[in-house]
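The following report describes a single protein chain from its overall make-up down to individual residues. It begins with charged pairs and then turns to the fold, a pocket, the surface and the backbone.

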Amino acid sequence: MSGGAARRYVAAALGRARARGPPPLWEPPPARHLRALGTGAGTAALPPLLLPPRRHLSSRNRPEGKVLETVGVFEAPKQHGKYETGQLFLHSVFGYRGIVLFPWQARLYDRDVASPVTEKNENVAGHGSKEVKGKTHTYYQVLIDARDCPHISQRSQTEAVTFLANHDDSRALYAIPGLDYVSHEDILPYSSTDQVPIQHELFERFLMYDQTKVPPFVARDTLCAWQEKNHPWLELSDVHRETTENIRVTVIPFYMGMREAQNSHVYWWRYCIRLENLDSEVVQLRERHWRIFSLSGTLETVRGRGVVGREPVLSKEQPAFQYSSHVSLQASSGHMWGTFRFERPDGSHFDVRIPPFSLESNKDEKTPPSGLHW
């Protein structure tokens with residue numbers, strides 16, 4: 001694809017986004033299209049990445065004519081191996097610009113690909129009569145460009161990575177804005193000649209420019225120290241996925257630590273959930289139904305409208321919604337499972353299973369965490 005064709009392609013995509021109403025910051029070409037471009041011998045160079053200039057981001061009073069500027073050049077997505085610290089990327093689902101800090105190796109339990117026979121000594125998560133073997137899958141800790149946060153806030157929380165506060169209030173939490181976890185297949189890599197291509201308050205604290213490196217952004221000692229000190233509360237270890245009637249639910253639980261409250265121990269977890277509509281039919285989430293089992297023997301049922309105060313619509317144009325929430329138990333472990341109820345355009349409803357997942361505390365934790373360490 002020539003540079004001019006690429007500009008017309010992205011411009012057309014942005015035009016479609018504007019026609020749908022208040023647009024996201026940008027709309028990338030499909031991942032499969034980018035992969036087809038290739039970078040091997042005999043292939044053309046990948047097209048430049050174009051984004052609207054900041055002065056044209058408002059959906060009102062947008063001038064006619066050119067509203068795109070070059071911010072970088074697409075690279076071929078990696079089919080094998082990991083992306084390095086400092087890799088610039090576009091999120092293939094939510095469309096934001098970001099940069100990789102470091103990878104996590106997780107166990108993915110995909111209930112849509114259940115193994116008929118479970119071998120011994122494997123990590124196994126059971127769901128009724130279905131047993132699923134976990135497969136190693138790469139995720140990345142990333143920074144989100146602050147300029148893009150307003151345009152994705154209706155689809156993905158930008159303050160979803162939370163921590164226990166460093167004081168006596170056992171329920172106090174705080175978040176680092178613009179910190180996220182991204183699956184390997186959601187990375188659309190690109191390169192830029194800008195020495196500060198991502199706007200985030202931690203960018204220059206964690207990374208520095210080195211033109212002799214590829215990618216040219218390398219970790220500072222502060223990033224390495226931050227990762228090491230906060231590893232227990234940042235670590236992503238298990239990912240659970242299941243699809244019901246073309247709605248895929250992905251759950252990632254995180255242990256946050258323990259606090260003492262009224263002469264008892266309270267253990268905290270956060271969990272990130274992504275809902276994806278794999279079909280063309282528009283559906284809307286209406287209700288949630290959770291079952292929460294604690295090792296202490298209690299079973300709690302939680303029902304409510306929507307999630308985090310919203311009832312998101314999943315359509316072909318906006319197929320995904322991602323949010324985070326929290327749960328606390330007076331026991332060091334437990335399980336959660338449940339359903340989401342969706343509504344179709346004709347008013348009928350159907351339930352989507354939430355894959356069961358474990359809530360496990362860090363067994364080797366010598367002292368409870370005392371907030372995020374810098």
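## Salt bridges

Across the whole structure, which is a predicted model, a search finds 14 salt bridges. One of them pairs Glu242 with Arg353, whose closest N and O atoms are 2.7 Å apart. This pair links distant parts of the chain, with Glu242 in strand E14 and Arg353 in strand E22 (residues 349–360), 111 residues apart. The two partners differ in burial: Glu242 counts as buried at 1% relative accessibility, whereas Arg353 counts as partly exposed at 37%.

A further salt bridge joins Glu276 and Arg248, with 3.3 Å between the closest N and O atoms. Glu276 belongs to strand E16 (residues 264–277) and Arg248 to strand E15, so the pair ties together parts that are 28 residues apart in sequence. Glu276 is buried, at 11% relative accessibility, and Arg248 is partly exposed, at 23%. Salt bridges with shared partners join Asp186, Arg248, Arg274 and Glu276 into one network.

## Asp186 and Glu311

Asp186, a member of that network, is placed in the loop between strand E10 (179–183) and E11. Its relative accessibility of 6% is under the 20% limit, and therefore Asp186 counts as buried. When neighbours within four places in sequence are left aside, Asp186 is in contact with Leu90, His91, Ser92, Val93 and Arg274.

Another salt bridge is formed by Arg305 and Glu311, with the closest N and O atoms 3.3 Å apart. Glu311 is partly exposed, having a relative accessible area of 26%.

## Overall architecture

The secondary structure of the protein consists of six helices and 22 strands. Of the 374 residues, 48% are buried. Considering contacts between residues at least 6 apart in sequence, 66% join residues at least 24 apart. The accessible surface amounts to about 18,600 Å², and carbon and sulfur atoms account for 47% of that area.

## A buried phenylalanine

Is Phe89 buried or exposed? Phe89, in strand E3 (residues 88–91), has a relative accessible area of 0% and is buried. Neighbours within four places in sequence aside, its contacts are Tyr96, Arg97, Gly98, Ile99, Val100, Val142, Val182, Ile187, Leu188, Pro189 and Tyr190. For one of these residues, Val100, a C-alpha separation from Phe89 is also available: the two atoms are 7.8 Å apart, with the residues eleven places apart along the chain.

## The second largest pocket

The second largest pocket has a volume of about 220 Å³. Its lining comprises 16 residues, and Glu75, Gln87, Tyr190, Val214 and Pro215 lie nearest the centre. Strand E11 (residues 187–191) gives the most to this lining, contributing three residues.

Val214 and Pro215, both among the residues nearest the pocket centre, are joined by a cis peptide bond with omega of about -5 degrees. Pro215 is located in the loop between strand E12 (207–209) and strand E13 (217–219).

## Nonpolar surface patch

Which residues form a nonpolar patch on the surface? The patch consists of Phe293, Leu299 and Trp337, which together have about 260 Å² of accessible area. Trp337 lies in strand E21 (residues 333–343) and is partly exposed, with a relative accessible area of 33%.

## Positive phi angles

Glu245, although not a glycine, has a positive phi of about 45 degrees. This residue is found in the loop between strand E14 (238–244) and strand E15 (247–261). Glu245 is partly exposed, with a relative accessible area of 46%.

Val308 also has a positive phi in a residue other than glycine, near 40 degrees. The loop that holds Val308 runs between strand E18 (299–305) and strand E19 (313–314). Its relative accessible area is 38%, and Val308 is partly exposed.

Terms used: Residues are numbered from 1 along each chain as its sequence is written. This is a predicted model: local features need pLDDT of at least 70, side-chain atom pairs count only at pLDDT 80 or more; totals for chains, interfaces and linings use all residues. Side-chain values use heavy atoms; hydrogens and water are left out. Helices (H or I, at least four residues) and strands (E, at least two) are DSSP runs, numbered from the N terminus. Buried means under 20% relative accessible area, exposed over 50%, partly exposed in between (1.4 Å probe, protein chains only). Contact means heavy atoms within 4.5 Å. Accessible areas come from the Shrake-Rupley method with a 1.4 Å probe; for residues, only the protein chains shown count as cover. Patches are made of residues with over 30% relative accessible area and no salt bridge: like charges are joined within 9 Å, nonpolar side chains (Val, Leu, Ile, Met, Phe, Trp, Tyr) within 5 Å. A salt bridge is a side-chain nitrogen of Lys or Arg within 4 Å of a carboxyl oxygen of Asp or Glu. On a 1 Å grid over the protein atoms alone, a cavity is a set of points where a 1.4 Å probe fits but cannot get out, and a pocket is an open set with protein on both sides within 12 Å along at least five of seven lines; lining residues have an atom within 4 Å of a point. Grid points are joined across faces, edges and corners, and a volume is the space filled by probe spheres set on the points.
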